Amino acid sequence: MTIGEVCLMTNDVPRLAAFYKQLLGVENGSNDETHQFIISEGTTLTVYNDGTVKNNRNQNICLAFTVDDIDREYEKILALGAKIIEPPTKRPWGAVNMSFYDPDNNMVFFRSFPENEQ
């Protein structure tokens, strides 16, 4: 069994989708206001509005991405205006992690595994 899709429910699909398209460096060619595929290979990432009002207090989910250059990604996240929870921090096991909130207050983690630390 594999995870087929992660879907972020939102009140504002174009805003949240635009954030993730910039964050992940992808373009899906869509401005759909109801549903957008952001990543469509492997595990799909979608943004969807089912018509119900969301409270944007998403305290029970986080997304984690592995990146090659966490310092470059940190600068990109700062430029996007995301609220930083924790800047890049080296962990005892060698990984470098950082965390921030997306525009709907979903917690997002970026992590890297520097080659000399693996």
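Visitor: Before we start, what does contact mean here?
Guide: Happy to set that up. This is a predicted model, and two residues are in contact when their heavy atoms lie within 4.5 Å.

Visitor: Which residues does serine 112 contact, leaving aside its neighbours within four places in sequence?
Guide: Start with where it sits: serine 112 belongs to strand E7. With neighbours within four places in sequence set aside, serine 112 is in contact with Val67, Asp68, Ile70, Ala95 and Val96.

Visitor: Does serine 112 count as buried or exposed?
Guide: The cut-off for buried is under 20% relative accessible area. Serine 112 has 4% relative accessibility, so it counts as buried.

Visitor: In what order do the strands of the open sheet run?
Guide: Let's lay the sheet out. Four strands form it, with mixed pairing, and their order is E4-E7-E6-E5.

Visitor: Which strands stand at the edges of the sheet?
Guide: Look for strands with a single partner strand, because one side of each is then left without a neighbour in the sheet. That description fits E4 (62-66) and E5 (83-90). As for the turn between neighbouring strands, it averages 15°, direction ignored.

Visitor: How many bridges join strand E6 and strand E7?
Guide: Strand E6 covers residues 96-101 and strand E7 covers residues 107-112. One bridge partnership is that of methionine 98 with phenylalanine 110 in E7. The two strands pair in the antiparallel sense, and the bridges number six.

Visitor: Which strands does helix H2 touch?
Guide: Helix H2, residues 70-79, packs on the sheet. Its direction makes about 170° with that of E5. The strands it touches are E5, E6 and E7.

Visitor: How many aromatic pairs are there, and what is the angle between the planes of phenylalanine 19 and tyrosine 20?
Guide: The count comes to three aromatic pairs. Phenylalanine 19 and tyrosine 20 form one that is edge-to-face, with 5.3 Å centre to centre. Both of these residues are buried. The angle between their planes is 85°.

Visitor: How many residues apart are phenylalanine 65 and phenylalanine 110?
Guide: These two rings form an edge-to-face pair, 5.8 Å centre to centre with 80° between the planes. Phenylalanine 65 is in strand E4 and phenylalanine 110 in strand E7, so the pair links distant parts of the chain. Their separation is 45 residues.

Visitor: Which residues do ring pairs link into a cluster?
Guide: Two of the members count as buried: phenylalanine 65 at 16% relative accessibility and phenylalanine 110 at 1%. The cluster linked by ring pairs is made of Phe65, Phe100 and Phe110.

Methods
Residues numbered from 1 in each chain as written. Predicted model: local features only at pLDDT ≥ 70, side-chain atom pairs only at ≥ 80, totals over all residues. Heavy atoms only, no water. Pairing = 2+ DSSP bridges. Axes fitted to C-alpha atoms, helices over the stretch in contact; angles between N-to-C directions. Buried < 20%, exposed > 50% of the residue type's maximum accessible area, 1.4 Å probe, protein only. Phe/Tyr/Trp six-rings, centres within 6.5 Å; stacked < 30°, edge-to-face > 60°.
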